[in-house]
Number of protein chains: 2
Amino acid sequence: MTEATGGSANSSIQATVIAEMRGRIISGEIEPGGPLSELALAEEFGVSRTPVREALKQLQTEGLVEIRPRVGTFVTTPSRREITELFEMKELLEGAAARLLAQRGRVPEIDRLQENLEEADAAVARDDREHYAELVGEFHDLLITGADNNKLEAHYRMLMNQLAYSRLVKTSLNQPGRPLQSDREHHLVVELIVEKDGDSAEQVMREHVRASRRALMAGLPTPGSPPPGTARD
Amino acid sequence: MTEATGGSANSSIQATVIAEMRGRIISGEIEPGGPLSELALAEEFGVSRTPVREALKQLQTEGLVEIRPRVGTFVTTPSRREITELFEMKELLEGAAARLLAQRGRVPEIDRLQENLEEADAAVARDDREHYAELVGEFHDLLITGADNNKLEAHYRMLMNQLAYSRLVKTSLNQPGRPLQSDREHHLVVELIVEKDGDSAEQVMREHVRASRRALMAGLPTPGSPPPGTARD
DNA sequence: CAGGAGTCTCTTGCATGGCAGAGACCGTAG
DNA sequence: CTACGGTCTCTGCCATGCAAGAGACTCCTG
């Protein structure tokens, strides 16, 4: 599955393009729905169209861009329905990760999760949302990697890329009281994990994801009452 | 995510190559681990290397082949660990599908599931394993499509392709008594779905997948005692 | 006979050019 | 003014050629 995010150690030129473009898309640097021209990108990177083309093709199978034959390549903009679906998957996978991690017993990731929680407590206490957002990212990351299932991890990263999740987290944390609530839920999950109660850990983790989704959707621009010409999809 | 299996309606030549090669790989027509030469395939399909190359690249991101730079392209052979991981994912996704389907209420897929079960009963009764294997395939398919979550479906199909699952099913059904047991478990799942008991449906479905996995692994050639030159990884 | 270095061929990686479809744009007719 | 037809340019699609890395093979040497 190659890597869904990390290693750009591959020196091949198309790998570079893939990594770079993926970064731009999930960071929102290029606007969703925007067109991507093979030729323009090739010139920008100073390479030929072939590797660019192959890079875009891979990004398509990752769900980040859409290639309309003979028309052009565009950054995908998840529809509302897709976002719902993606969150259902997120809930599923993170729940499973919690269960798997609980089953593994005492592994280093658990220690790091507890350290993470301590830092997070501090960040919440001084209302440092920026830092807390980072810690949340690390928390979920530790959970996934701690599950020790490469397939799960690969699919998870793919989904998060499609959601451009890193962009969204901050939105949800701007809901008043959400950071504190979120932090508490994290504590509960880790507690259940160290108790090796996989069933409960999964259940609570799922609930946490649902709560996080609600908080996030509440802060989005197009909830359900779009003023005249707002909604595009 | 394009389609992970179905529509070859796309007239583009590389789409044809992708569909064809995917079919060959999951059917086992080309031996796992075997090399795939761009040039050879290009000649066989009567096209240039470019579309073949792009097709292989997509199959790589689907996890069906592995491209070793400057060396060659090879059909991936899931290691024992990967098989375990894939089954964990299968359990997860099918369990979730059962839950989601239960939550949806009365939808056509449920009717078709019940029809499927009737046919399956008959097939089991007359010990028609061939037909039962087909029905099992349809059963799981209905479950997934019935969940009405495209992301889930896409990821599921990708995983099943990596497992070359269609090849494996028959193995598991050769375990004595397995078809009957399997059929019973299917009945129970559907029953729970029509009762809209999503929690139980998910749980039972998961257990069913685990049982199916055990039956399957028991019938595999390389359990733990590989005769001299059999095991390759 | 064994080991190592060199070469030689095979593979993919990348660049480039021609082709065809899709859509925008403009001119014209009603 | 509006609607239609043609063209024109832009896009990705595919073919081909060259280059470079990896691995096998051979030949030379100890």
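1. Surface of chain A. In this predicted model, the accessible surface of chain A comes to about 11,100 Å². Carbon and sulfur atoms account for 49% of that surface. Of the 233 residues in chain A, 49% are buried.

2. Fold of chain A. The chain contains ten helices and three strands. Their order along the sequence is α-β-α-α-β-β-α-α-α-α-α-α-α. Contacts that span the sequence are well represented: when residues at least 6 apart in sequence are considered, 72% of the contacts in chain A join residues at least 24 apart.

3. Extent of the interface. Chain B and chain A each bring 32 residues to their contact. The area buried between the two chains is about 3,000 Å², and carbon and sulfur atoms give 53% of this area.

4. Polar and charged pairs across the interface. Eight salt bridges are counted between chain B and chain A. Polar contacts, taken with both residues at pLDDT 80 or more, join 20 residue pairs across the same interface. On the side of chain B that touches chain A, the elements giving two or more residues are helix 3 (49-61), helix 4 (80-104), helix 7 (150-163) and helix 10 (198-218) of chain B. Helix 4 of chain B supplies the largest share of that side, with eleven residues. Sorted by class, the side comprises 13 charged, ten nonpolar and nine polar residues.

5. A salt-bridge network with members in both chains. Glu202(B) and Arg206(A) form a salt bridge in which the closest N and O atoms are 2.5 Å apart. Both residues belong to a network of salt bridges. From chain A, the network includes Arg99(A), Asp199(A), Glu202(A) and Arg206(A). From chain B, it includes Arg99(B), Asp199(B), Glu202(B) and Arg206(B).

6. The His155 pair. Which residue of chain B does the side chain of His155(A) meet in a polar contact of 2.5 Å? The partner is His155(B). Within its own chain, His155(A) is found in helix 7, which covers residues 150-163. His155(A) has a relative accessible area of 1% and therefore counts as buried, the limit being under 20%.

7. A salt bridge between buried residues in chain B. Over all chains, the count of salt bridges is 49. One of them joins the side chains of Arg22(B) and Glu62(B), with an N to O distance of 2.7 Å. Arg22(B) lies in helix 1 (residues 13-27) of chain B, and Glu62(B) lies in the loop between helix 3 and strand 2 (65-68), so the pair ties together parts that are 40 residues apart in sequence. Are these two residues buried or exposed? Both Arg22(B) and Glu62(B) are buried.

8. A salt bridge within helix 4 of chain B. Glu85(B) and Arg81(B) form a salt bridge, the closest N and O atoms being 2.8 Å apart. Both residues lie in helix 4 of chain B and are four residues apart, about one turn of the helix. Their accessibility is unlike: Glu85(B) is buried, at a relative accessible area of 4%, whereas Arg81(B) is partly exposed, at 40%.

9. A salt bridge at 4.0 Å. The side chains of Glu66(B) and Arg68(B) meet in a salt bridge with an N to O distance of 4.0 Å. The rule accepts a nitrogen within 4 Å of a carboxyl oxygen, so the reader may wish to note the distance given for this pair. Glu66(B) is partly exposed, with a relative accessible area of 38%. Arg68(B) also counts as partly exposed, at 38% relative accessibility.

10. Positive phi at Asp148(A). Most residues other than glycine have a negative phi. Asp148(A) has a phi near 60°, a positive value in a residue other than glycine. Asp148(A) lies in the loop between helix 6 (129-146) and helix 7 of chain A. With a relative accessible area of 37%, Asp148(A) is partly exposed.

11. Positive phi at Lys196(A). For Lys196(A), phi is likewise positive and near 60°, and this residue too is other than glycine. Where in chain A is Lys196(A) placed? Lys196(A) sits in the loop between helix 9 (178-194) and helix 10 (198-218) of chain A. The relative accessible area of Lys196(A) is 54%; the residue counts as exposed because this value is over 50%.

Technical notes:
Residues are numbered from 1 along each chain as its sequence is written. Chains are lettered from A and ligands numbered from 1 in the order in which they are written. This is a predicted model: local features need pLDDT of at least 70, side-chain atom pairs count only at pLDDT 80 or more; totals for chains, interfaces and linings use all residues. Side-chain values use heavy atoms; hydrogens and water are left out. Buried means under 20% relative accessible area, exposed over 50%, partly exposed in between (1.4 Å probe, protein chains only). Contact means heavy atoms within 4.5 Å. Accessible areas come from the Shrake-Rupley method with a 1.4 Å probe; for residues, only the protein chains shown count as cover. Buried area is the accessible area (1.4 Å probe) that two parts lose on being put together, summed over both. A polar contact is a pair of N or O atoms within 3.5 Å; within protein, one must be able to donate a hydrogen and the other to accept it, and residues adjacent in sequence count only if both atoms are side-chain atoms. Ala, Val, Leu, Ile, Met, Phe, Trp, Tyr, Cys and Pro count as nonpolar, Asp, Glu, Lys and Arg as charged, and the others, Gly among them, as polar.
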